[in-house]
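Subject: Structure for your review

Dear colleague,

Please find the structure below, handed over for your study. My findings follow it, set out by topic.

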Amino acid sequence: MENKQLKIAVFHNLPSGGAKRSLYTYIKYLVQKGHIVDVFIPETANEEYLPLEPVASSVVKFNVKKSFFRERLYSIFSYVPAIIRRVSVNNVMKTEKEIAKMLNDSGYDIVYCEQDQFTMTPAILKYLTKPTVYYCQQPIRKDKILTVVNNQKEKIGFFNHPLIKPFAEYAINYIETRDYERDQELVQYSTNLLANSYFSHESILKQYGKNAYVSYIGVDTDIFKPLNMERENFVLSVGTCIPPKGFDFLIKSIAHIPEKERPELVIVGNNSDERWVEFLEDLAEEKKVKLDILSQIPDEDLIDLYNRAKLVVYAPYLEPFGYVPIEAMSCGTPVVGVKEGGVRESVLHNRTGLLTQRDEKDFARAIIKLSNDKHLWEKLSINGIKYVRSYWTLEHAGERLLKHIKRILDNEG
């Protein structure tokens, strides 16, 4: 099978974000290596962010039946919690069953599945009879820290009203419990799991009782590269603008830096919770931290920011892996991060960045140290570029994935 051209069907129902970027780079690599990679998606999948049509062999989109009630709900109320979808999960699952039926009668060697923004574990796995591989970024999070972090939004939400809060809490708890139980049921249909980090591998083992092989992602170093631009007095962070990404921690940390030295914080998000954005802006004003939040910017602008930023700062809560640190290092920008989750596997402390405890003052001291020590900054910058090129490139990631696909086909052949 070493040199055999593979026919790979890909299913995804992802939003924008790191998982979609990972999928994009995998497909790009596989097609460049001469394999046929056809993508099959419900219309709910995000194809505006890093569209797959330019890199895949083909992309086929399937309709999902609309929900009249949900569309009316969104048209009447100006704010509806993200947990309430515009499309019903049942209709998405019916579409995935339709896709599976078509793939079962096809000539594909294997079906590669990504996570589903509606059900987490994709429902298509329940209906597929062909060899499959499921790239599981992380299980549904049902940990205490996520509850605590998300509860910060109570300060700003309409659903905190005394007359509405009890009903809202009951409804949200019901939805989250139902989603968790459905995910637990669907994952039993997955036979070959891949994870993006050893941290995610352990989370999968703990929650699902299933083994997952680690297949690290990579970054396209032809795009994310040093541009030798002059560094400016701002620090950059990237991620969806929601509480678990820890942007409020970054604002509070930067506030501990003396005002004369205090850098601006620039946040780039592929999506944003508007009420959380307002909260962050108010917090930054209170803490006297200059803040600029950008959304949905093209890659060339993101790469420009990576190359002009003094540092990249990264503090999400228990991030399963995180693309941001390797993108930053690939551009020669050192990272200051919280030593937590998958970040421990990508950033080398004192070699490509600095890692701290989740302590605002410690984090601020790390920013000051790296900003003021030019020799240390240059050392970490050079090391980061070399490190990414030695292990974290698109080629490295693609080779790892292809090795797992061939292993699965050999075992099931």
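Which strands does helix 9 lie across? In this predicted model, helix 9 lies across strand 8, strand 9, strand 10 and strand 11, and helix 9 runs at about 140 degrees to strand 8.

The sheet

These strands belong to an open sheet of six strands, which are paired in parallel in the order 10-9-8-11-12-13. Its edge strands are strand 10 and strand 13 (353–356), each of which pairs on one side only. From one strand to the next, the twist averages 20 degrees. As a reminder, strands of a sheet pair through backbone hydrogen bonds, either parallel or antiparallel. Strand 9 and strand 10 illustrate the parallel sense, with five bridges between them. You may wish to locate I267, whose bridge partner in strand 10 is I293.

Helix 9

Helix 9 covers residues 299–308 and is mostly covered itself, with seven of its 10 residues buried. Those buried residues are D299, L302, I303, L305, Y306, N307 and R308. They pack against helix 1, strand 8 (234–238), strand 9 (264–269), strand 10 (291–295), strand 11 (311–314) and helix 10 (324–330).

Helix 1 and helix 14

Two packed helices are described by the angle between their axes and the distance between the axes. For helix 1 (residues 18–32) and helix 14 (residues 394–412), the angle is about 80 degrees and the axes are 9 Å apart. Helix 1 is therefore roughly perpendicular to helix 14. On the side of helix 1, the residues in contact are T25, Y26, K28, Y29 and L30; they meet L394, E395, A397, G398, E399, L401 and L402 of helix 14. Sorted by class, this contact has seven nonpolar, two polar and three charged residues.

The nonpolar cores

In soluble globular proteins, nonpolar side chains tend to be buried together. The largest nonpolar core here has 62 residues, and the members that touch the most others are I8, V10, I27, Y112, L236, Y306 and I326. Helix 14 gives the most to this core, namely seven residues. Another core, of 31 residues, lies apart from it and includes I257, W276, A315 and W377. To return to V10, this residue touches L23, I27, V37, D38, V39, F40 and Y112, when residues up to four places away in sequence are not counted.

Y306 thus appears twice in this account: among the buried residues of helix 9 and among the core members that touch the most others.

Yours sincerely,
A colleague

Methods. Residues numbered from 1 in each chain as written. Predicted model: local features only at pLDDT ≥ 70, side-chain atom pairs only at ≥ 80, totals over all residues. Heavy atoms only, no water. Axes fitted to C-alpha atoms, helices over the stretch in contact; angles between N-to-C directions. Helix = DSSP H or I, 4+ residues; strand = E, 2+ residues; numbered from the N terminus. Parallel < 35°, antiparallel > 145°, perpendicular 65-115°, else oblique. Contact = heavy atoms within 4.5 Å. Nonpolar A, V, L, I, M, F, W, Y, C, P; charged D, E, K, R; others polar. Buried < 20%, exposed > 50% of the residue type's maximum accessible area, 1.4 Å probe, protein only. Pairing = 2+ DSSP bridges. Core = buried A, V, L, I, M, F, W, Y, C linked by side-chain atoms within 4.5 Å.
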